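Please open the structure in the viewer and keep the selection tool at hand. The tour proceeds from the whole chain to single residues.

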Amino acid sequence: MKASTLAYKPVGLALGAVSGLIAGAAFKQAWKLLEGEGDAPDALDEDRPWGQILLAAAVQGAIFAVVKATVERSGAQATRRLTGTWPG
């Protein structure tokens with residue numbers, strides 16, 4: 001394993017945690033815009049219809065994937081600028 005990859009591991013973990021927080025907040029705002037409700041349903045919400053649960057899961061997954069990719073790519077680019085090597 002390259003030294004730059006090893007050195008990037010803790011940075012990547014921290015960025016992963018940050019991206020989770022950002023994505024969670026973004027999803028809450030997106031859900032309010034989509035459904036006008038405060039809380040998004042989860043799979044065990046008995047009173048919510050299938051369509052609403054699946055929509056929430058799809059929107060949440062898309063937001064999390066985009067935020068994660070954005071944060072990870074930005075972190076890798078910053079690492080390259082600082083160290084001259086691409087992590088990974």
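A residue counts as buried when its relative accessible area is under 20%, and as exposed when that area is over 50%. By this criterion, 23% of the 88 residues of the protein chain are buried. The model in view is a predicted one.

**The whole chain**

Select the protein chain and display it as a cartoon: two helices and zero strands make up its secondary structure. The chain is more spread out than a compact globule, because its radius of gyration is 17 Å, well over the 12 Å that the globule rule gives for 88 residues. Align the view with the principal axes, along which the C-alpha trace spans about 50 × 25 × 15 Å. Among contacts with a separation of 6 or more, 52% are between residues 24 or more positions apart.

Next, switch on the surface. The protein chain exposes about 6200 Å², of which carbon and sulfur atoms supply 64%. Colouring by charge brings up 9 positive and 8 negative side chains. The centres of these two sets lie 24 Å apart.

**Helix α2**

Select residues 50-83, which form helix α2. This helix has 34 residues and reaches 49 Å from its first C-alpha to its last, close to the 50 Å expected at 1.5 Å a residue. Within this selection, highlight the buried residues of α2: Q52, I53, A56, V59, I63, V67, V71, G75, A76 and T79. When reading the spacing of such a list, recall that an α-helix has 3.6 residues a turn, so residues three or four places apart point the same way.

Move on to the residue that follows α2, which is G84. The phi of G84 is positive, near 85°.

**Two residues of α2**

Which residues does T79 touch, leaving aside those up to four places away in sequence? Select T79, which lies in helix α2, and show its surroundings: the partners are Y8, G84, T85 and P87. T79 counts as buried because its relative accessibility is 13%, under the 20% cut-off.

Now select Q77, also found in helix α2. Is Q77 buried or partly exposed? Its relative accessibility is 35%, so Q77 counts as partly exposed, a class that lies between the 20% and 50% limits.

Finally, add A40 to the selection and draw a distance between the C-alpha atoms of Q77 and A40. The two residues are 37 residues apart along the chain, and their C-alpha atoms are separated by 34 Å.

Conventions:
Residues numbered from 1 in each chain as written. Predicted model: local features only at pLDDT ≥ 70, side-chain atom pairs only at ≥ 80, totals over all residues. Heavy atoms only, no water. Helix = DSSP H or I, 4+ residues; strand = E, 2+ residues; numbered from the N terminus. Expected span 1.5 Å × (residues − 1). Buried < 20%, exposed > 50% of the residue type's maximum accessible area, 1.4 Å probe, protein only. Rg over C-alpha atoms; globule rule 2.2 N^0.38 Å. Contact = heavy atoms within 4.5 Å. Areas by Shrake-Rupley, 256 points an atom, 1.4 Å probe, with all protein chains shown as cover. Lys, Arg positive; Asp, Glu negative; His and termini not counted. Charge placed at Lys NZ, Arg CZ, Asp CG, Glu CD.
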